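Got the viewer open? Let's take a short walk through this one, from the whole chain down to a single side chain.

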Amino acid sequence: MGSPTEWRGTAGRAVVRRLKLLPAVIIVAGVLIDYFTPPDFSGAALYSAAPMAGAPVLSLPALILTGLAACGADIALLAHFGYWGASGGYSELSSVVIISALAVLINRLLYRSDVRLQSARTIALAVQRAVLPEPPPRVGPMTIAARYTAAHEGAQIGGDLYAVQDTPYGVRCIVGDVRGKGLNAVEAVDIVLGTFREAAEEEPTLAELAARLDRALTRESKRRANLDDVEGFTTAVLAEIPYGGEELRLFNRGHPGPLVLLDGAVRCVEPSQPELPLGLAGLCAERDRADTVPFPEGATLLLYTDGLSEARDRDGAFYDPVARLTGRRFAGPDALLDLLLDEVGRHTDGLTTDDMALLALTRGPRFNQMGEGASRRTAE
């Protein structure tokens, strides 16, 4: 069924389709009430209500036809009961005509508002693609997939982030969540990702990379009061997958623990020592070493934001990715993320309340730093 946003979009389109039938139902109801009740009882209120009900959901031609149908029904019933030509009949028809005209005006105002909203969404999507581009499908030995869904239908950008980079130290990646929403969150995302892309190439350890991110956020928060007051910190997980060996390194700064999946088994990797989020490192001493965990060929690393682990159903129960993924196998990271989005949509009935970023990396055959596969080297 797709992402939570798609679930909401599908449900919304179904509701709109039903609402488009409402004006016709109202007119038919008005005709039946008018015809089967005493002559002094009029259905004019329903004839007037029909075009007004269609103003938000019908196209302009359909709305005009609805207004004409309402006027035609009123004229037919007035003629049937002998009121056509009397002053009361003209007054009743005039009210239907005037309200139909007002419905057309409202329809045009809503259309212009919708055009402006669509333009804003297009701009927001362009900003998102610039700030948060899709990672390449493959980096070195890693097959990669990423997904981003916004909490509110139509929103295209928020405070969740991810990035993957090929470096001299292996494949490095980050998934994080900026505290806050809106344009201030986008600013903080831009700072974190810009610093990560530069520092991932230069810093020899994840601890030093995290310290670089800390300094960038601290520097910007001092320079911009809005970042200090609104976007004071960012939770994040930094990961490094060296080309040699079968392990990965993780440095967790106050973020949900990533998952390692292999042959149906799922392991949640919590940090050996709790750390404060990025931007708050000055409040405590930093540890200088990342956690190392096994990561053999065929294993998948899943990093995510709390939009996944804190997704709730109608009874308030959280979605548990460890329980849901245990015992299951996937064709690749794309299949894994598609399944997660589908399950979260079903779990929440599409009513998610937080943005969600997902990043999955599956380790293929061992590669050297030039990207040559071990099987190829053996054949040669």
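Start with the whole chain in cartoon view: it has 11 helices and 11 strands. Keep in mind that you're looking at a predicted model. Of the 380 residues, 44% are buried. Switch on the surface and you have about 18,600 Å² of accessible area, with 59% of that belonging to carbon and sulfur atoms. As for contacts with a separation of 6 or more, 71% are between residues 24 or more positions apart.

**Next stop: the sheet.** Pick out S3, S4, S5, S6 and S9, which make an open sheet in just that order, with antiparallel pairing. Select 160-167 for S3 and 291-294 for S9, and you've got the edge strands, each pairing on one side only. Look along the sheet for the twist, which averages 20 degrees from one strand to the next.

Now zoom in on the S3 edge. Add residues 170-178, strand S4, and follow the eight bridges that link S3 and S4 in the antiparallel sense. For one of the pairs, select Asp166 and find its bridge partner in S4, Val171.

**Last stop: Tyr83.** Go to the loop between helix H3 (60-80) and helix H4 (87-131), where Tyr83 sits. Is Tyr83 buried, exposed or partly exposed? Its relative accessibility is 37%, so Tyr83 counts as partly exposed. Show what surrounds the side chain: leaving aside residues up to four places away in sequence, Tyr83 touches Pro39, Asp40, Leu78 and Gly89. Try a distance label on Asp40: Tyr83 and Asp40 are 43 residues apart in sequence, while their C-alpha atoms are 9.9 Å apart.

Terms used. Residues are numbered from 1 along each chain as its sequence is written. This is a predicted model: local features need pLDDT of at least 70, side-chain atom pairs count only at pLDDT 80 or more; totals for chains, interfaces and linings use all residues. Side-chain values use heavy atoms; hydrogens and water are left out. Two strands pair if DSSP finds at least two bridges between them. Helices (H or I, at least four residues) and strands (E, at least two) are DSSP runs, numbered from the N terminus. Axes are lines fitted to C-alpha atoms, for helices over the stretch in contact, and angles run from 0 to 180 degrees between N-to-C directions. Buried means under 20% relative accessible area, exposed over 50%, partly exposed in between (1.4 Å probe, protein chains only). Contact means heavy atoms within 4.5 Å. Accessible areas come from the Shrake-Rupley method with a 1.4 Å probe; for residues, only the protein chains shown count as cover.
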